[in-house]
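Student: I have a model open and would like to talk through how its helices are arranged. Could you take me through it step by step?

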Amino acid sequence: MLVLVAAGMAAGVAGYRASRPPTYEAVAVIQLLPPAAIAGAVPTLAPAAFLPVITDPAIATRVVDALSLDQPPSSVSAGRFGREALRANALGDSTLFEIRVRLASPDLAARAAGLTADLGVAAVRELVRAETTTLVEALESQVDAARQADEAASAAVDEWRRTTGVDLIRGNVDALIERTGRDAERLIEQVLRSGAPADAGDGLDQEVAREDAAADALRARLARLLETENVGTDRPTTLADYYGLERTLTKLETEAAAARSAYVDASRRLAEAALDLATRAGDVRIVTAAQPPGEPIARHVWRDAILAFALTFGAGTCVVALGAWLGGAPPS
């Protein structure tokens, strides 16, 4: 009788295991890494930070819809696929993590793991791109504002030159100054030759008096030039007016130079930031593609064995008790 019970228990375990469909597991491995061309770069993408991106329900839904996993033989909904069939784990402290998918079909398991990896890589890259784009767009806005200010300041200088004709007037003034210089030399010579005023003393005092008189005459001449000499081209313009035009032009040119410097500085900061982001952002890639597994996994072996043992033992006990009762002997 004990031999029959043991045989029944073994048959029960084998039958229970055989009644369950096999489960196949496919694995894909993803790596997060910095650009290899940047010397000394360190990865800023942590696998744990992006595991929620890989296991997002939206990705599970896309995988189930694309592969029709909600249809036989899998018959797995998107929610169940994310809860039971899909696993994403970081591999220690490395920049690697694996995507595991368990399904009844080895081919579907591999395709689901591969598609999940592809969608996960795309999602991570999009996340990094979005963060980078936000920072770059803020700097680009500053560069655009600086460029507009530079263009406005340069246009103001050009407009002032055009409307006032200050460059043409400057040529007239240069010619006047050259002519006035020659006139001033002759004026000084005339004053010095004419002698000192009558009340001046002899010797050194007369020499000083003549020089003072020449200086006074020159200042008077220059004062008349400033107030009366017309140096304009298409409109009357005195020297005093011209120097006012030049002061305004100098102010506008100073503002234009400051705007250009701000524009160049903003452009430089944008270029540096773009390079820095490219250095620190890193990348993500699939290093091991999912392949159809050749053998099913040994899933819950001990649990299944214990359940089968309990069922078979209970059934065997019932059989022994029934046989004893039918034979008229009390069961032992």
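Student: At what angle do α3 and α4 pack, and are they roughly parallel or roughly perpendicular to each other?
Tutor: Keep in mind that this is a predicted model. The axes of α3 and α4 (residues 78–85) lie 8 Å apart, at an angle of about 110°. Angles from 65 to 115 degrees fall into one class, so the two helices count as roughly perpendicular.

Student: Which residues of α4 make the contact with α3?
Tutor: Happy to list them! α3 passes α4 in a right-handed crossing. From α3, the contact takes in A60, T61, V63 and V64. Their partners in α4 are A78, F81 and G82.

Student: How many nonpolar residues does the contact of α3 with α4 have?
Tutor: Let's go class by class. There are no charged residues in this contact, and 2 are polar. The nonpolar residues number 5.

Student: How are α3 and α5 placed, roughly antiparallel or oblique?
Tutor: Their axes are 10 Å apart, and the packing angle is about 140°. Roughly antiparallel requires an angle over 145 degrees. α3 and α5 are therefore oblique.

Student: Which residues of α3 meet α5, and how many charged residues does that contact have?
Tutor: The crossing here is right-handed. I59, R62, V63, A66 and L67 of α3 meet a set in α5 that includes L108, R111, L115 and A123. By class, the contact of α3 with α5 holds 9 nonpolar and 2 polar residues, and the charged ones number 2.

Student: What length does α5 reach from its first C-alpha to its last?
Tutor: Good one to check against the ideal. α5 covers residues 106–164, which is 59 residues. At 1.5 Å a residue, 87 Å would be expected, and the model comes close to that with 84 Å.

Student: Which residue just after α5 takes a positive phi?
Tutor: Look just past the end of the helix. The phi there is about 65°, and the residue is G165.

Student: In which helix is confidence highest, and in which is it lowest?
Tutor: For the protein, mean pLDDT is 75, with 60% of residues at 70 or more. Confidence is highest in α3 (residues 57–67), at a mean of 94. At a mean of 51, the lowest is α1 (residues 2–19).

Student: Where does pLDDT stay under 50?
Tutor: Where pLDDT is low, the predicted coordinates should not be read in detail. The stretch you ask about has 7 contacts beyond four places in sequence in the model. It is residues 36–43.

Notes
Residues numbered from 1 in each chain as written. Predicted model: local features only at pLDDT ≥ 70, side-chain atom pairs only at ≥ 80, totals over all residues. Heavy atoms only, no water. Helix = DSSP H or I, 4+ residues; strand = E, 2+ residues; numbered from the N terminus. Expected span 1.5 Å × (residues − 1). pLDDT = per-residue confidence, 0-100. Contact = heavy atoms within 4.5 Å. Axes fitted to C-alpha atoms, helices over the stretch in contact; angles between N-to-C directions. Parallel < 35°, antiparallel > 145°, perpendicular 65-115°, else oblique. Left-handed = near helix turned anticlockwise from the far one by under 90°. Nonpolar A, V, L, I, M, F, W, Y, C, P; charged D, E, K, R; others polar.
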